Amino acid sequence: MSVETVEEGEQSCSAAATETNMDGSMPSLPPVLSANSSLLSEDLDSSVDSSGLGASADNEEIEMYKGEEEDLAEDDDPSEKRKRDIVLRDYQMEVARPALEEKNIIICLPTGSGKTRVAVYITEKHLEMRKQMGQPGKVVVLVNKVPLVEQHYKAEFGRFLKHQYSVERVSGASQLKISFPQIIEQNDIIICTAQILENSLAKAKNGDEDGIKLSQFTLMVIDECHHTKKGGVYNHIMIRFLKQKHQNHLLKKQEKSPVPLPQILGLTASPGVGGAMSQQRAEEHILQICANLDAFTIKTKTFKEEEAKTPFKRIARAEERKEDPFGDVIKKIMDEIHEHAELKPLCEPGTQNYEQWVVQKEQNAAKEENQKVRVCAEHLRQYNEALHQSNTIRMSDAFRFLDKYHNEELKTKSSPDEEGIVTITDTERFLFTLFKDNKAKLQQLMGKPQYENNNLAQLKTNILKEFSTRERARGIIFTRTRLSAIALCQWIQENPKFDEVGVSASYLIGGGDQSLVKPMTAAEQKDVLNKFRDGQINLLIATTVAEEGLDIAECNFVIRYCLVTNEIAMIQARGRGRAEDSSYTLVAEAGSGVAERESVNEYREKMMSKAIAKVCKMNRADYEKKIREFQMQAIMEEKVKIKKKQQKGMMKEPPSKISLSCRQCSVFVCSGEDIEKIENMHHVNVTPQFSKLFTVRENASLQERLLDYETNGVIACKNCGQQWGSMMLYKSIECPCLHIKNFVVTYGTKKKTFSKWSELPIKFTAFDYTQHADLLVEDSGEEDDDMETD
């Protein structure tokens, strides 16, 4: 259940993945769709990218970066492009050894200890050895975020190997289009997002000539390989590998030649323990990851000279709030709404549990056509978010959030044309009046600094201390939501005390369009990171998007602000403090449970280290037996999944089985027979009777041009103002595009809500462009005749 809309996507492996959509289940976008386009098909498969930082989607265009070669040669002698020597430290050479013997391994080294450099060295030696043996070599480097493609190219693989081998990078955020199989054919080393490879492998399976096979590669490097787990794109690729490996065993038995498979090299700073509560479970988790990557072993190293660099850690506990009149007013409003809708919450407002409860209430009320409860639940959710904000950022930020929400809701209730007034129900009138009546009181309280939460004061003390005690301070503050990242940045910029000690702050948030906050584009993210690198910005306020993988300049302090997720996130965030004498601080309110959860993570980190050590010492036969068990289980699960999918496809029912009604006012909208699919993605209804039911409002986000479509505005219910989807221009035909989350679907005798069209086992007909274009031409012809008569 997607519960935290405003939340930044967390680690893909976060323990919360199953309950709050924090795992990267933000749908990734095709590169040609802007992140904030309201046109999006909700059923795009998401990639591993947990951050919305430009993940690649199912129908990703294949493009390449060009024109940056000169960056690589900056520090070369201009007179000769000589080969760069890669010199590994002893511990790096030690972990690389089995890979140099052509074994599949996982390298687990802390952030900043040169994992990627080891991978570059292994790649070079692998290609050299293939050359000596007179065999072709081809390496693919897989990453899970678009910015990492360019980063690995410029800082590592391109920098060290471009002079001997052809290195190319491919992602969905590039310019020059060219076929992916062609790129693979023409280059020795290809750096790409995992989804691009998976898309191409899937094409080959379906007999498409644009597809490629794993057998074309001799080495596959998987960055952040702890994401190779169920449901992730890395896992889809590795399941193909395991199936072929299993098939090869059978071929050998039949004395036939096996299909060649690439050597696997996994890189991670922390495989985590997968939420394990016992040492045995932690070991099983490590073995599972080894099985997923078909690893001969997992190589790690505890090295004393590096341990000295581990950031100094402290927990800064803020005092509990003694008085919170601002929060009390919000809770009082919430109680009045509970009473009005006859709701009895099971948990304290302002918590995540309350959020889950209220989302469930809204979904049930929509299905039961209980408009009163549905709209009250929607408002309660916003007040709950405001409570969370007033506990982490300023009261004024929480007030602005609520004020903006109410203003935008009121806008939907005013008719954009003379066709009639959008109806406003008694409950809506009650909710708007309730906020209006308390507005002055909230404004008055937010102006009293003595009532602010103590977390901010604690954060201020820490920032000032870092900047006044260090000669050149450079740090990152990690926070939970995009709203809090932006609000904290404003708070720092508006406070002269920070200016006095030389703080220059900016925020960094993800690119997925899944929240109330406008996402950051890849160009904006790159710009901020560049400024941070060259010192124009010395304090970055980031959501968890910056925790993993991104090459962020050396920091000498990291602060996690009221934020705790899992042990992987903790290790990744702490690893950002790479400079000498760096510090890692957790700022949390006493009694909030945040500090306690951090100590659980520290315990899990120790469990993880012990588990890795135990797995490394396992008897070889036992290790291989266990790995084979896990792999056979994965192959069997995949077979069952495919079978189910095929059955589901066969069971796809006719569109006449469903009808749609407005999620807010329950008015009948259309039958499934009226819906057609454009490009197997967008669900549109171009019938004349449907056009009478909605109004078109201006699209708040910028109009975006993309391929054959253009977003032209938001379509909303004429009766209640509920948004239904967006108006799109498809090859000059206006098509109202429906988003299923805005409707209740009557399926046979049952009413259901869906968040994606793909969840609906209905086979919609494809949009017939010629037929619709013919009708439009006929209509315009009649109009021309009328004009002539006039």
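1. How far does helix H7 (residues 194-205) reach from its first C-alpha to its last? In this predicted model, H7 has 12 residues and reaches 17 Å between those two atoms, which is close to the 16 Å expected at 1.5 Å a residue. The helix is mostly covered, with 9 of its 12 residues buried; these are Ala-194, Gln-195, Ile-196, Leu-197, Glu-198, Asn-199, Ser-200, Leu-201 and Ala-204. The cover over the buried residues of H7 includes four strands and two helices, namely strand E3 (139-143), strand E4 (167-171), strand E6 (189-193) and strand E7 (219-222), together with helix H6 (180-186) and helix H8 (233-253).

2. Leu-197 links H7 to the interior of the chain, as it is listed, with Leu-142, Phe-180, Met-220 and Ile-222, among the residues that have the most contacts inside the largest nonpolar core, a set of 47 residues. Leaving aside neighbours within four places in sequence, Leu-197 is in contact with Leu-142, Phe-180, Cys-192, Ile-212, Phe-217, Met-220 and Ile-237. A second core, separate from that one, has 40 residues and includes Leu-459, Ile-509, Cys-555 and Phe-557. As general background, nonpolar side chains tend to be buried together in soluble globular proteins.

3. Helix H11 (residues 325-341) can be read in the same way. It has 17 residues and reaches 24 Å from its first C-alpha to its last, close to the 24 Å expected at 1.5 Å a residue. Its buried residues are Pro-325, Phe-326, Gly-327, Val-329, Ile-330, Ile-333, Met-334, Ile-337, His-338 and Ala-341, and what covers them includes helix H12 (352-367), helix H13 (371-392), helix H14 (395-412) and helix H15 (426-446). Just after H11, Glu-342 takes a positive phi of about 55 degrees.

4. Two further backbone positions deserve a look in the viewer. Most residues other than glycine have a negative phi. Glu-102, although not a glycine, has a positive phi of about 70 degrees, and Glu-102 is found in the loop between helix H3 (90-100) and strand E2 (105-108). Asp-294, also not a glycine, has a positive phi of about 50 degrees and lies in the loop between helix H9 (279-292) and strand E9 (297-300). As for their surroundings, Glu-102 counts as partly exposed because its relative accessibility is 42%, whereas Asp-294, at 11% relative accessibility, counts as buried.

5. On the cysteines, a search of the whole structure finds 0 disulfides. Why is Cys-665 not bonded to Cys-720? The sulfur of Cys-720 is the closest cysteine sulfur to that of Cys-665, but the two are 3.6 Å apart and therefore too far for a bond, given that a disulfide requires sulfur atoms within 2.5 Å. Cys-665 counts as buried at 13% relative accessibility, and Cys-376 likewise counts as buried, at 0%.

6. Is Ser-659 buried or exposed? Ser-659, whose place is in strand E16 (residues 658-662), is buried, with a relative accessible area of 18%; the cut-off for buried is under 20%. Apart from neighbours within four places in sequence, Ser-659 is in contact with Phe-668, Cys-670, Ser-671, Gly-672, Val-744, Val-745 and Thr-746.

7. For the chain as a whole, there are 24 helices and 27 strands, and buried residues make up 55% of the 790 residues. Among contacts with a separation of 6 or more, 71% are between residues 24 or more positions apart. The accessible surface comes to about 35,500 Å², and 48% of this belongs to carbon and sulfur atoms.

8. Confidence varies along the chain, and a reader should keep this in view. The average pLDDT is 78, and 75% of the residues score at least 70; confidence is lowest in helix H1 (residues 17-20), at a mean of 34, and highest in E7, at 96. Over residues 701-710 the pLDDT is below 50, although this stretch has 32 contacts in the model beyond near neighbours in sequence. Over residues 782-790 the pLDDT stays under 50 as well, and here the model has 0 contacts beyond four places in sequence. Where pLDDT is low, the predicted coordinates should not be read in detail.

Terms used
Residues are numbered from 1 along each chain as its sequence is written. This is a predicted model: local features need pLDDT of at least 70, side-chain atom pairs count only at pLDDT 80 or more; totals for chains, interfaces and linings use all residues. Side-chain values use heavy atoms; hydrogens and water are left out. The expected span of a helix is 1.5 Å times one less than its number of residues. Buried means under 20% relative accessible area, exposed over 50%, partly exposed in between (1.4 Å probe, protein chains only). Contact means heavy atoms within 4.5 Å. Accessible areas come from the Shrake-Rupley method with a 1.4 Å probe; for residues, only the protein chains shown count as cover. pLDDT is the predictor's confidence in each residue, from 0 to 100. A nonpolar core is a set of buried Ala, Val, Leu, Ile, Met, Phe, Trp, Tyr and Cys residues joined through side-chain atoms within 4.5 Å.
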